[in-house]
Amino acid sequence: MKIVDMKVRCVAIPMNCMLRHNTGVHPGYLLRTILELITDEGIVGLGEVGGGDSRAALLKLKPRIIGMNPMDLEAIKMKVLRSIYYISNSRLYGAIEIACLDIMGKAFNVPMHQLLGGKLRDSIPMIAYLFWRYDRPGGGHDTCAEDMADYCVQLNNELGVTAMKLKAGVMDPMEEVKVLQLCRQKLGDDFGLRIDPNGVWSVATAIKAGHRMEELELQYFEDPSWGIEGMKAVREQVRIPLATNMYPNKFDDLGPSIHMKSIDIILTDLHYWEGPRGVKDLTAVCRTFNLGVAMHSGAEFGIELAAMLHTASTIPQMTMPGDAHYHYLEDDIIQGGKLQYVNGAIKVPEGPGLGVALDEEKMEKYERYYEKMGDYYARFHQDPYKPNWYPIVGGI
């Protein structure tokens with residue numbers, strides 16, 4: 001079997017609001033680049049990557065993988081990921097590996113999870129991912145902790161989720177701490193609580209906030225301050241497990257972080273950690289050093305969400321609910337529409353391969369929508385309601 005062609009398309013799907021975070025605003029839609037690898041046997045593998053329009057970047061890699069067997073993933077990884085020391089292609093490689101695993105699953109008529117060791121659970125629980133919102137359904141913006149706590153209760157009722165995470169670093173830090181305090185009051189002692197300032201808080205602020213939250217028994221405090229040193233400084237003074245999607249988010253920084261004892265939990269990501277097989281490598285290291293693992297969300301659509309579910313289902317120590325922006329999307333590009341939440345969890349697709357297929361009518365619709373709306377990553381640090389705003393890391 002050989003790869004004979006690569007097709008790439010960029011699509012955008014509307015959301016039910018605008019999502020605020022400490023480095024910008026998702027302006028009412030999310031966008032992804034969709035990858036199709038075609039083999040000489042007619043099998044098509046699907047992949048997906050975020051971070052803006054990645055079509056040109058993927059097509060630059062096309063000559064390196066045309067003619068290769070999609071099962072030769074180590075060679076493909078070397079040609080795509082390890083080719084030039086000053087270019088990091090881990091995000092792009094992750095999409096290619098997902099597509100190759102999809103091809104393998106279809107060729108052998110097995111679901112992707114069986115290529116990764118087999119599933120240990122049939123569905124993966126998800127969180128209520130809370131963002132401060134502009135233009136909420138029904139109008140208005142989130143302005144106070146009560147708004148966010150009420151939204152958390154709403155998602156608990158609608159989706160059945162049993163944990164939440166607040167994307168912090170947007171409002172006053174103590175107002176954001178209050179969100180978690182209110183959620184604990186409203187949803188009880190067993191409801192999982194998390195907060196993620198994405199490294200924007202100063203060490204002093206992170207420690208102050210952490211001390212206030214210790215009694216809430218958070219599942220974890222994610223990326224409270226910038227860099228490995230910032231994480232270490234907070235971890236030394238706060239009695240809450242520290243998690244990260246930023247430091248480290250690649251193998252080069254994993255060893256230093258472990259030696260410095262700056263982290264307790266690492267959030268896996270199919271792009272940062274070099275595809276589903278890379279995530280399995282990561283979890284083996286975490287098991288060796290007794291680190292926890294959880295699942296990161298990169299604002300994915302159904303293709304990547306399916307790959308995340310397959311991968312997570314094979315990891316014994318991934319027991320905490322995973323992150324997902326998915327409940328903000330109004331639609332999806334896969335046949336049958338959006339994957340469904342049942343009792344706070346999403347079922348691992350049956351396969352073969354990923355177990356999802358493209359809906360070509362939806363693809364055409366959301367390609368046109370992308371062409372209309374454009375790549376917002378070029379203007380990502382803008383706030384439509386605060387035209388002179390820009391992020392200041394450690395300024396709080």
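1. Two strands are counted as a pair if DSSP finds at least two bridges between them. By that criterion, strand β2, which covers residues 18-21, pairs with β8, for 3 bridges join them and the two strands run antiparallel. Within this pairing, Arg20 stands opposite Trp132 of β8. The model is a predicted one, and the points below should be read with that in mind.

2. The same pairing belongs to an open sheet of 3 strands, whose order is β3-β2-β8 and whose pairing is antiparallel. At its edges lie β3 (24-26) and β8 (132-134), each of which pairs on one side only. On average, and with direction ignored, neighbouring strands of this sheet are turned by 35° against each other.

3. Turning to the helices, α2 (residues 73-80) and α3 (residues 90-108) have axes that come within 11 Å and cross at roughly 160°. Because an angle over 145 degrees counts as roughly antiparallel, α2 is described as roughly antiparallel to α3. The crossing in which α2 passes α3 is right-handed.

4. The loop between α3 and α4 (112-115) contains Asn109, a residue whose backbone deserves a look in the viewer. Asn109 is not a glycine, and yet its phi is positive, at about 60°.

5. Two cis peptide bonds may also be inspected. One runs from Tyr247 to Pro248, with omega near 5°, and Pro248 is placed in the loop between β12 (242-244) and α9 (251-260). Another runs from Gly351 to Pro352, again cis and with omega near 5°; here the proline, Pro352, is part of the loop that lies between β16 (345-347) and α12 (360-373).

6. As for internal space, the structure holds 1 cavity of 30 Å³ or more, and the largest cavity encloses about 60 Å³. Which residues line the largest cavity? The lining is made up of Thr268, Asp269, Leu270, Val279, Met295, His296, Met308, Thr311, Ala312, Ile315 and Met318. By class, 7 of the lining residues are nonpolar, 3 are polar and 1 is charged. Helix α11, which spans residues 302-313, gives the most to this lining, with 3 residues.

Note on methods
Residues numbered from 1 in each chain as written. Predicted model: local features only at pLDDT ≥ 70, side-chain atom pairs only at ≥ 80, totals over all residues. Heavy atoms only, no water. Helix = DSSP H or I, 4+ residues; strand = E, 2+ residues; numbered from the N terminus. Axes fitted to C-alpha atoms, helices over the stretch in contact; angles between N-to-C directions. 1 Å grid on protein atoms, 1.4 Å probe; cavity = no way out; pocket = protein on both sides within 12 Å on 5 of 7 lines; lining within 4 Å. Points joined across faces, edges and corners; volume = space filled by probe spheres on them. Nonpolar A, V, L, I, M, F, W, Y, C, P; charged D, E, K, R; others polar. Parallel < 35°, antiparallel > 145°, perpendicular 65-115°, else oblique. Left-handed = near helix turned anticlockwise from the far one by under 90°.
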